[in-house]
Amino acid sequence: ISLIPTWPCTLIKSGRAMCNMLVHNVAGLRLGTEALSSSLVLERRFPINQLPDFVALEGAAILYFEPETPEDKPGYDALIEYLLSRDRVGLGVEADRRIMYIPPCEFTRTNLSYTGNALMGIVQKAALSPMQ
């Protein structure tokens with residue numbers, strides 16, 4: 001993971017900081033100089049079962065989120081638990097990009113080949129996303 005583009009950020013939900021995270025650009029489009037801002041806002045949520053309708057993996061960046069420090073883990077875990085308990089995906093908007101915060105689920109196992117328990121993310125241009 002040390003060779004993968006990584007940057008720190010603070011995730012904000014409902015106007016408060018949930019946790020600090022490290023964001024790893026693990027696959028797909030490399031964000032490079034277009035990396036995300038240091039404060040990411042989770043603005044909305046939508047049902048996990050709608051992910052296949054909203055995600056265009058071609059041209060998207062695939063992200064892996066982890067708590068930045070041990071002190072950030074409770075907030076990070078609470079966010080994942082919140083999304084899972086409601087069968088939801090988090091959604092944020094930054095400039096012309098949509099950021100989806102995806103808890104561990106069938107979509108991550110099937111489409112991202114990820115079987116762990118971390119929060120994953122997909123970043124795609126708004127023009128590629130039916131969620132406008």
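**Notebook: the sheet and its strands β6 and β7**

I looked up the sheet first and found eight strands in an open sheet, ordered β3-β1-β2-β5-β8-β7-β6-β4, with mixed pairing. The edges are held by β3 (39–42) and β4, each with a single partner strand, so one side of each is left without a neighbour in the sheet. I noted an average twist of 35° from one strand to the next. The model is predicted, and I read it as such. As a reminder to myself, strands of a sheet pair through backbone hydrogen bonds, either parallel or antiparallel.

**Entry on β6**

Next I took strand β6, residues 88–94. Five of its seven residues are buried, so β6 is largely enclosed by the rest of the structure. I then checked its partners. On one side, β4 (residues 44–47) runs antiparallel to β6, and four bridges join the two. Within this pair I found R44 opposite L91 of β6. The other partner I looked up is β7 (residues 97–102), which pairs with β6 in the antiparallel sense over five bridges.

**Entry on the β6–β7 hairpin**

What lies between the two strands of this hairpin? I counted two residues there, and A95 takes a positive phi near 55°. For the bridge partners I wrote down E94 with R97 of β7, then V93 with R98 of β7.

**Entry on β7**

Are the residues of β7 buried or exposed? Six of its six residues are buried, and I recorded the strand as mostly covered. I sorted the side chains by direction: R97, I99 and Y101 point one way from β7, while R98, M100 and I102 point the other way. Both sets are buried, the arginines R97 and R98 included.

I then followed β7 to its pairing with β8 (residues 119–125), which is antiparallel and spans six bridges. In β8, I122 is the bridge partner of M100, and V123 stands opposite I99. The sheet order, where β7 comes between β8 and β6, agrees with these pairings.

**Entry on helix α2**

Last, I checked what lies across the sheet. Helix α2 (residues 73–85) lies across β1 (6–13), β2 (16–28), β3, β4, β5 (61–67), β6, β7 and β8. I noted that α2 runs at about 75° to β2. The edge strands β3 and β4 are among the strands that α2 lies across.

Notes
Residues are numbered from 1 along each chain as its sequence is written. This is a predicted model: local features need pLDDT of at least 70, side-chain atom pairs count only at pLDDT 80 or more; totals for chains, interfaces and linings use all residues. Side-chain values use heavy atoms; hydrogens and water are left out. Buried means under 20% relative accessible area, exposed over 50%, partly exposed in between (1.4 Å probe, protein chains only). Two strands pair if DSSP finds at least two bridges between them. Axes are lines fitted to C-alpha atoms, for helices over the stretch in contact, and angles run from 0 to 180 degrees between N-to-C directions. Contact means heavy atoms within 4.5 Å.
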